[in-house]
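Open your viewer and get ready to click along. We will make a few stops, and at each one you will select something and look around.

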Amino acid sequence: MLNIKYINIVFLVVFFASVYCFAGNSDNQISEKHIEAGLQCIDCHMTETPVRAASQKSCKACHEGVETGEKIILKDINSKEYLVNPHNAHTGALRCTICHHIHTSSELYCNKECHHSFTISVP
Ligand code: HEC
Ligand code: HEC
Ligand code: HEC
C-alpha cells in the first residue's frame, strides 16, 4: 500500500515538474536577474519577434570580461577538487549559450561532453 502511495507521489511530482517546464518554455521566461534588470527579447535576440536562438554577441555586450573572473573550486563525484575558471578553461573560449540556456535550466557543458562529473549549479 505504502509503495503505491509513494509511486503516486512520484508521478505527481514528475507530472507537475513537466507542466512547469513546458509553461516556462512557451512563455520564453528568463532568469530572475535578467527580469530584475528589465531585459526584453530584443536585448538578446536583436529582434522583437525572435524565432530562433540568440547568439552570444549580445551576452558579450553586457557581460564583457567574464573570462578574467576568479577561478572556482569544482568537485567531481569522488570529491576530488579542481581549481578552474569556467569562463577560461583549458578548452579555450566556449560559446556562452552551451552552458547558459537562459530559457531552460543551464548546465555545465564539461559534464555533458567530457569525462567530468562536477557538482555545481550553473546560473
Ligand atoms: C538574456 C537573453 C535572452 C532574452 C532576454 C530572451 N532570450 Fe530567447 N533565447 C536566448 C538564448 C541564449 C536562446 C538559445 C538557448 C539555447 O540554445 O539553449 C534563446 C532561444 C529562444 C528561442 C528559440 C527556442 C528554440 O527552441 O530554439 C525563442 C523562440 C526565444 N528565445 C524567444 C524569446 C522571446 C519571445 C523573448 C522575450 C520575451 C526572449 N526570447 C528573451 C536568450 C534570450
Ligand atoms: C542588456 C544587458 C544584458 C544582456 C544582453 C545579457 N545579460 Fe546577463 N545579466 C545582465 C544583468 C544586468 C545581470 C544581473 C547582474 C549580474 O549578475 O551581472 C545579468 C545576469 C546574468 C547571469 C547571472 C544570473 C544569475 O542568476 O546569477 C548570467 C549567467 C547571465 N547574465 C548570462 C547571460 C547570457 C548567457 C546572455 C546572452 C544570451 C546574457 N546574459 C545577456 C545583463 C545582460
Ligand atoms: C563551460 C560552461 C560555461 C560557459 C561556456 C560560460 N559560463 Fe558563465 N558561468 C558558468 C558557471 C559554472 C558559473 C557559476 C560560477 C560560480 O558559481 O562562481 C557561471 C556564471 C556566470 C555569470 C554570473 C557570475 C559571474 O561570474 O559574473 C555570468 C554573468 C556568466 N556566467 C556569463 C557568461 C558569459 C557572458 C559567457 C560567454 C562569454 C559564459 N558565461 C560562458 C559556466 C559557463
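Before we start, keep in mind that this is a predicted model.

**Stop one: the iron atom of ligand 3.** Select ligand 3 and center the view on its iron atom. Which residues coordinate the iron atom of ligand 3? They are His87 and His100, each using its NE2 atom, at 2.0 Å. Now look at the six donor atoms around this iron: their angles run from 89 to 180 degrees, which makes the arrangement octahedral. For comparison, ideal angles for six octahedral donors are 90 or 180 degrees.

**Stop two: the two histidines.** Color the chain by secondary structure. His87 and His100 both sit in the loop between strand S2 (81–84) and helix H5 (109–113), 13 residues apart. Are they buried or exposed? His87 has 37% relative accessibility, so this residue counts as partly exposed. His100 is also partly exposed, because its value is 24% and the partly exposed range runs from 20% to 50%.

**Stop three: ligand 1.** Select ligand 1 and show its surroundings. There are 17 residues around ligand 1, and those that come nearest are Cys41, Cys44, His45, His101 and His103. Try coloring the shell by residue type: you should find nine nonpolar residues, seven polar and one charged. Helix H3 (residues 41–45) gives the most to this shell, with three residues.

**Stop four: polar contacts of ligand 1.** Zoom in on the histidines here. A polar side-chain atom of His45 is 2.8 Å from a nitrogen atom of ligand 1. In His103, a side-chain N or O atom also lies 2.8 Å from a nitrogen atom of the ligand. For His101, the partner is an oxygen atom of ligand 1, at 2.8 Å from a polar side-chain atom.

Conventions. Residues numbered from 1 in each chain as written. Chains lettered and ligands numbered in written order. Predicted model: local features only at pLDDT ≥ 70, side-chain atom pairs only at ≥ 80, totals over all residues. Heavy atoms only, no water. Donors = N, O, S within 2.8 Å, 3.2 Å for Na, K, Ca; no water. Tetrahedral: all angles 85-135°; square planar, octahedral: opposite > 155°, others 65-115°. Helix = DSSP H or I, 4+ residues; strand = E, 2+ residues; numbered from the N terminus. Buried < 20%, exposed > 50% of the residue type's maximum accessible area, 1.4 Å probe, protein only. Near = heavy atom within 4 Å. Polar contact = N/O pair within 3.5 Å; in protein donor to acceptor, adjacent residues only side chain to side chain. Nonpolar A, V, L, I, M, F, W, Y, C, P; charged D, E, K, R; others polar.
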